[in-house]
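Let's go through this structure together, asking at each step how a label is earned. Have a look before we start.

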Amino acid sequence: MTSMASCRWCGSPHGEAVLDLGLQPACDDFPLPDDPPAPVHPLRLWACDGCGLVQLPDRSPVPQEPRAVEPAALTAHARDSVGWALERGLLVPGTSAREFGSPHGGSWVHLLDTAGLDVRDDDRAGPVDAVIDVFGLMHEEDQRAGLRRRADALTPHGVLVLVFPPLETVVEHGQWNAVRHGHHAYPSTAVAARQLAECGLTVVASVLHPLYGGTRLLAARRDGALPPDAAPVSLPDDVPRAALTVLAESVSAGVTALRTHLQQAAAAGRRVIGYGAASRAVPLLVAAGIGPDLLPAVADASPAKQGRVIPGVGMPVIGPAELVATRPDEVLLFLPDLLDEVRSGLPEVERSGARWLSVEALLPARTG
Ligand SMILES: [Zn+2]
């Protein structure tokens, strides 16, 4: 049974399927070469008519254990964001904090600790002055219960810091391959602010960081803790439904562009190797039906992924040294944020005449 039961936020059964990526494996589950094929599940986006939340309507496999090496861009985002929140007095040394983490890394705990906050790590520690959620909430199947749990962990004057990839960024950059199993909800900034309001929290500060094309930070406090003259924070408008239609249309254009590029390279005898066996590469490769014939391997810095295969499409994951040894003509980068890091880390690639190509350069740049 794959039909929509009810909205993960408001419970409404009324809404519209806005994007369909077909049957997809769990993108964090990298099998060994001899493992049976990874099970596949419908991967669709559904927009709720009741509250506007865009979400996965189907049961979705939960992420496996993290295998990724944390990209420098994610570390920089954490450093920038903690610095920003300290400067504005949202995070205060000597006060208590708790992180609701993501299974994909990006933790702020070390930075909070270094800044002098008293980091506690579970419910038994009681309410805290700052609740930090960095890409965590999207993993909650019941979105309302998930946000409530975070709000309930706050002291009366506490601050909730919520970091997520807002829907407006996904739409603006045509990032349909950010849609994946285990990420159950894709709120716009406007929807997230409404959800916070329903939990009795008001946004008191917001910033957009360049990570992943635009990562949103919202800081919110209990309505009763605001000064009476607090000015409202300016936030972007909600994403219109029509923009989601354009996003869906960009899927077929994107997979066609990727296939055509790799077919032309193969016909010209150019060896293309992928880089970044990241979860966001999986929906793209599966939807495009790209196999080892068109992309013989994908390199990744994570030793835990090397020797495994990309789920659903079966190309092997190799290490960076093996990538250099294959003497590719082109390295197709599935994580544009890694470009500076891999260029400086693997100068041999360009020295031997190959070029780095970000996969985003092949996909329709903007959808709306
Ligand atoms: Zn809803």
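Q: What happens just after helix 7, at Gly289?
A: Gly289 takes a positive phi of about 60 degrees there. Please keep in mind as we go that this is a predicted model.

Q: What makes helix 7 an enclosed element?
A: Helix 7 runs over residues 281-288, and seven of those eight residues are buried, so the rest of the structure largely encloses it. The buried ones are Ala281, Val282, Pro283, Leu284, Leu285, Val286 and Ala288. They pack against strand 1 (15-25) and helix 6.

Q: How do you know that the span of helix 6 agrees with its number of residues?
A: Helix 6 covers residues 241-267, which is 27 residues, and at 1.5 Å a residue it should span 39 Å. Its end C-alpha atoms are 40 Å apart, so the two values agree.

Q: Which residues of helix 6 are buried?
A: They are Ala243, Leu244, Leu247, Ser250, Val251, Gly254, Val255, Leu258, His261, Leu262 and Ala265. As background for reading such a list, an α-helix has 3.6 residues a turn, so residues three or four places apart point the same way. Just after helix 6, Gly269 has a positive phi of about 75 degrees.

Q: What makes helix 5 mostly covered?
A: Helix 5 (residues 189-198) has 10 residues, and seven of them are buried. Those are Thr189, Ala190, Val191, Ala192, Ala193, Gln195 and Leu196. Their packing partners are helix 3, strand 7, helix 4, strand 8 (201-209) and strand 9. Just after helix 5 comes Gly200, with a positive phi of about 80 degrees.

Q: Why is Val163 called buried?
A: The label needs a relative accessible area under 20%. Val163 has 2%, so it is buried. Its place is in strand 7 (residues 154-164).

Q: What does Val163 touch, not counting residues up to four places away in sequence?
A: Val163 touches His77, Trp108, Asp133, Val134, Phe135, Thr215, Arg216 and Leu217. In addition, the C-alpha atoms of Val163 and Leu218 are separated by 6.5 Å, although these residues are 55 apart along the chain.

Q: Why is the pairing of Asp133 with Arg150 called a salt bridge?
A: A salt bridge needs a side-chain nitrogen of Lys or Arg within 4 Å of a carboxyl oxygen of Asp or Glu. For Asp133 and Arg150 the closest N and O atoms are 2.4 Å apart, so the pair qualifies. Asp133 lies in strand 6 (residues 128-134) and Arg150 in helix 3 (residues 143-152), so the bridge ties together parts that are 17 residues apart in sequence. Both residues are buried.

Q: Which residues are linked with Asp133 in a network of salt bridges?
A: The network links Asp133, Glu140, Arg149 and Arg150. By the salt-bridge rule, the count comes to 14.

Q: What makes Arg216 and Glu168 a salt bridge?
A: Their N to O distance is 3.9 Å, and the cut-off is within 4 Å, so the pair counts. The bridge links distant parts of the chain, with Arg216 in strand 9 (residues 215-222) and Glu168 in helix 4 (residues 167-172), 48 residues apart. Both Arg216 and Glu168 are buried.

Q: Why are Glu350 and Arg343 called partly exposed?
A: Partly exposed lies between buried, under 20%, and exposed, over 50%. Glu350 is at 32% relative accessibility, so it is partly exposed. Arg343 has 40%, so the label fits it too. The side chains of Glu350 and Arg343 meet in a salt bridge at 2.9 Å, N to O.

Q: How do you know that Arg8 has no salt bridge?
A: The nearest side chain of opposite charge, Glu141, is 4.2 Å away, and a salt bridge needs a distance within 4 Å, so Arg8 has none. Arg8 is nonetheless buried, and its place is in the segment before strand 1. Its side chain reaches the backbone oxygen of Asp58 at 3.1 Å.

Definitions and conventions: Residues numbered from 1 in each chain as written. Predicted model: local features only at pLDDT ≥ 70, side-chain atom pairs only at ≥ 80, totals over all residues. Heavy atoms only, no water. Helix = DSSP H or I, 4+ residues; strand = E, 2+ residues; numbered from the N terminus. Expected span 1.5 Å × (residues − 1). Buried < 20%, exposed > 50% of the residue type's maximum accessible area, 1.4 Å probe, protein only. Contact = heavy atoms within 4.5 Å. Lys, Arg positive; Asp, Glu negative; His and termini not counted. Polar contact = N/O pair within 3.5 Å; in protein donor to acceptor, adjacent residues only side chain to side chain.
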